[in-house]
Amino acid sequence: MTGLGDAGRRAPGRGALSVAWCTLCATLLFWGFRLVWRLRVTGLGNLPRSGGILVVSNHQSFLDPPVCGSSIRERPYTIIARESLFRFGPFGALIRSFGAVPIERGSGDLGALRTAIAQLAMGRCVFMFPEGTRNEDGRTKAFKPGVALLARKARAPVVPMAIEGANDIWPRTRRLPRLRGRLEVEVGEPIPAATVEAWSREGADVLLANMRRRIEELRMRCRARMRERAGGRWPAPGPADRPYWEDAP
């Protein structure tokens, strides 16, 4: 585990004990996921060790936030959450301790944007699920436009990330996760701020399409590795075997 004195690099402005607490919880979660669903993480060398970064990932299930957080525990991240989640005192205190930041009622997307930009300017890691909600079939859905605005205004590297297997374990149709299945995460190469700016000049739709495609490519690589290691048993065949662009007319 990274030492307490490294907190200023990993999450500037957060106390050493806060960072250590997040790292401890993330490490315990990681090994729990490893034990139950044999979680594997590749590409961690692509995660910048310091400076503001915007990490964006696909969203398959309720498992995604803890799985993704435990996978990149080197950089404790800020995630923007609804203010209503903080109303129950113990739960609110818990998610605050993990770096969640509430958005006040009525502030909407603008409030989230300002909060995220401030966090990035401090040199922290901000995490987003650009699809906005869990997808239905495991394939990466179209991104909401807000992430394009944030990526352009933040002027920070964007790190694409993909999770695979979570939709099979805990799809939207189930109240509780299955105790069988496999999980895989891959961290992709950072997209430099200059590249984000160049894509933005071509239009927000170009920026969103490029980020979405990179994440879907990572997801497909994860799926192929999972199936090879499991001898074809996992993941089960289904719509997620095809990338979303194969459906394009």
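Buried here means under 20% relative accessible area. The model shown is predicted.

**Figure 1. Overall fold of the protein chain, with nine helices and seven strands.** The radius of gyration is 17 Å, and the globule rule gives 18 Å for 249 residues, so the chain is as compact as a globular protein of that length. Its C-alpha atoms fill a box of roughly 45 × 45 × 35 Å along the principal axes. Of the 249 residues, 46% count as buried. Among contacts with a separation of 6 or more, 72% join residues 24 or more positions apart.

**Figure 2. Surface and charge of the protein chain.** The accessible surface comes to about 12300 Å². Carbon and sulfur atoms make up 57% of that surface. The chain carries 40 positive and 23 negative charges. The mean positions of the two sets lie 6 Å apart.

**Figure 3. Helix 9, residues 204-229.** This helix has 26 residues. From first C-alpha to last, helix 9 reaches 38 Å, close to the 38 Å expected at 1.5 Å a residue. After helix 9 comes G231, with a positive phi near 60°.

**Figure 4. Buried residues of helix 9 and their cover.** Which residues of helix 9 are buried? They are L207, L208, M211, R212, I215, E216, L218, R219, C222, R223 and M226. An α-helix has 3.6 residues a turn, so residues three or four places apart point the same way. Charged side chains appear in the buried set too, including R212, E216, R219 and R223. The cover over the buried residues includes helix 6 (146-154), helix 7 (166-169) and helix 8 (193-202). Strand 2 (53-57), strand 6 (158-164) and strand 7 (184-187) also contribute to this cover.

**Figure 5. S200 in helix 8.** Is S200 buried or exposed? S200 is buried, because its relative accessible area is 15%, and the cut-off for buried is under 20%. Leaving out residues up to four places away in sequence, S200 touches R152 and L207. L207 is itself one of the buried residues of helix 9.

**Figure 6. R40 in strand 1, residues 40-42.** R40 is partly exposed, with a relative accessible area of 38%. Beyond its neighbours within four places in sequence, R40 is in contact with L183, E184, V185 and R229. How far is R40 from V196 in space? The two C-alpha atoms are 29 Å apart, and the residues are 156 apart in sequence.

Definitions and conventions. Residues are numbered from 1 along each chain as its sequence is written. This is a predicted model: local features need pLDDT of at least 70, side-chain atom pairs count only at pLDDT 80 or more; totals for chains, interfaces and linings use all residues. Side-chain values use heavy atoms; hydrogens and water are left out. Helices (H or I, at least four residues) and strands (E, at least two) are DSSP runs, numbered from the N terminus. The radius of gyration is taken over C-alpha atoms; the globule rule is 2.2 Å times the number of residues to the power 0.38. Buried means under 20% relative accessible area, exposed over 50%, partly exposed in between (1.4 Å probe, protein chains only). Contact means heavy atoms within 4.5 Å. Accessible areas come from the Shrake-Rupley method with a 1.4 Å probe; for residues, only the protein chains shown count as cover. The place of a charge is taken as NZ of Lys, CZ of Arg, CG of Asp or CD of Glu. The expected span of a helix is 1.5 Å times one less than its number of residues.
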